[in-house]
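Take a moment with the sequence and the model before reading on. Follow the chain from its start to its end.

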Amino acid sequence: APASSQVAVSPLPRSDGTQLALAVPSGADTGTFVGQKVHAIRGDMQRLSESINRHNAELLHTRSMLSADSSSYFTMVGSINSRLQVGTTPGNPELVSQFGQAQSQLDRMAGDAAGLNALSSEVASDLALAAYVIQEIRAAFALQGAVDEDHRQLNALQAQANSDVVVIQQLSQAINDDLMRQNGYIGNERRNLATLSLAIKNGELYGQNLGVRSPGILANG
């Protein structure tokens, strides 16, 4: 009969950038028809493991880019605000140029956030593959002509597949949380840039001092 198990997994994504521990259980070829099914299932699980690791790495890479772009953006906005605080000429071309650079940084962050949306869809495909694998494992248990070793291997594969589902769900949640946070942050900064544009036009600080806000866009949990 299929085995049921509780599998503990580490929070995602891995902060050190290393691959997740999603090793597919190995096993000897039994020569039975069920053994052939086991071999095919193992291949599907290997593809799943590689996909999960790749998507985890993509999330880490996107977070790194967002952090770097955010730092550049706030440095630029802070510089503009410093000039405005002491007063400058209306429509100062130097500030206009810096403002354009700040807009470009924010546009880059918006592009990164769009990448998170695409990544979320890819991880949803991982979950669909995991569900298919689990279904195939259950079907293999019902086949005639299996030896004990076939069922031992199926039990091991089922336990790993259940663990993979938990990992995928965690990864999906991490991506969606980041996406929601970034979209809210970017929308807010679009509005702040509109205020800053007016300040540059007038040559004096207008409204909230944008340069003293804390980025905080990648704070997790």
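What follows is a walk through this model, from the overall fold to a few single residues.

Start with the whole protein. The model is predicted. It holds three helices and zero strands. Read along the sequence, the pattern is α-α-α. The protein has 221 residues, and 40% of them count as buried.

Now take the helices pair by pair. Helix 1 covers residues 33-86, and helix 2 covers residues 93-141. Their axes come within 8 Å and cross at roughly 165°. Angles run from 0 to 180 degrees between N-to-C directions, and those over 145 count as roughly antiparallel. Helix 1 is therefore roughly antiparallel to helix 2. The crossing of these two helices is left-handed. Which residues make up this contact? By class, the contact of helix 1 with helix 2 has 27 nonpolar, nine polar and 11 charged residues.

Move on to helix 2 and helix 3. The axes of this pair come within 8 Å and cross at roughly 160°. That angle makes helix 2 roughly antiparallel to helix 3. The crossing of helix 2 and helix 3 is left-handed. In their contact there are 30 nonpolar residues, 13 polar ones and six charged ones.

One pair is left to visit. At what angle do helix 1 and helix 3 pack? The angle is about 20°, and the axes are 10 Å apart. Angles under 35 degrees count as roughly parallel, so helix 1 is roughly parallel to helix 3. The crossing of helix 1 and helix 3 is left-handed. Their contact divides into 26 nonpolar, eight polar and six charged residues.

Next, check the length of helix 3. This helix runs over residues 148-202 and has 55 residues. What span should it have at 1.5 Å a residue? The expected span is 81 Å, because the rule multiplies 1.5 Å by one less than the number of residues. The end C-alpha atoms of helix 3 are 81 Å apart, which agrees with the expected span. Just after helix 3 comes Gly203. This glycine takes a positive phi of about 80°.

Now zoom in on the aromatic rings. How many aromatic pairs does a search of the whole structure find? The search finds two. In one pair, the rings of Tyr73 and Phe74 have their centres 5.3 Å apart. The planes of these rings stand at 90°, so the pair is edge-to-face. Tyr73 and Phe74 also belong to one aromatic cluster with Tyr185.

Are Tyr73 and Phe74 buried or exposed? A residue counts as buried when its relative accessible area is under 20%. Tyr73 has a relative accessible area of 0%, so Tyr73 is buried. Phe74 has a relative accessible area of 9%, so Phe74 is buried too.

Stay with Phe74 for a last step. Phe74 lies in helix 1. Compare its place in the chain with that of Ala102. Phe74 and Ala102 are 28 residues apart in sequence. In space, their C-alpha atoms are 8.0 Å apart.

Go back to the model and trace these points once more. Begin with the three helices. Then find the left-handed crossing of helix 1 and helix 2. End at the cluster of Tyr73, Phe74 and Tyr185.

Methods:
Residues numbered from 1 in each chain as written. Predicted model: local features only at pLDDT ≥ 70, side-chain atom pairs only at ≥ 80, totals over all residues. Heavy atoms only, no water. Helix = DSSP H or I, 4+ residues; strand = E, 2+ residues; numbered from the N terminus. Parallel < 35°, antiparallel > 145°, perpendicular 65-115°, else oblique. Left-handed = near helix turned anticlockwise from the far one by under 90°. Nonpolar A, V, L, I, M, F, W, Y, C, P; charged D, E, K, R; others polar. Phe/Tyr/Trp six-rings, centres within 6.5 Å; stacked < 30°, edge-to-face > 60°. Buried < 20%, exposed > 50% of the residue type's maximum accessible area, 1.4 Å probe, protein only.
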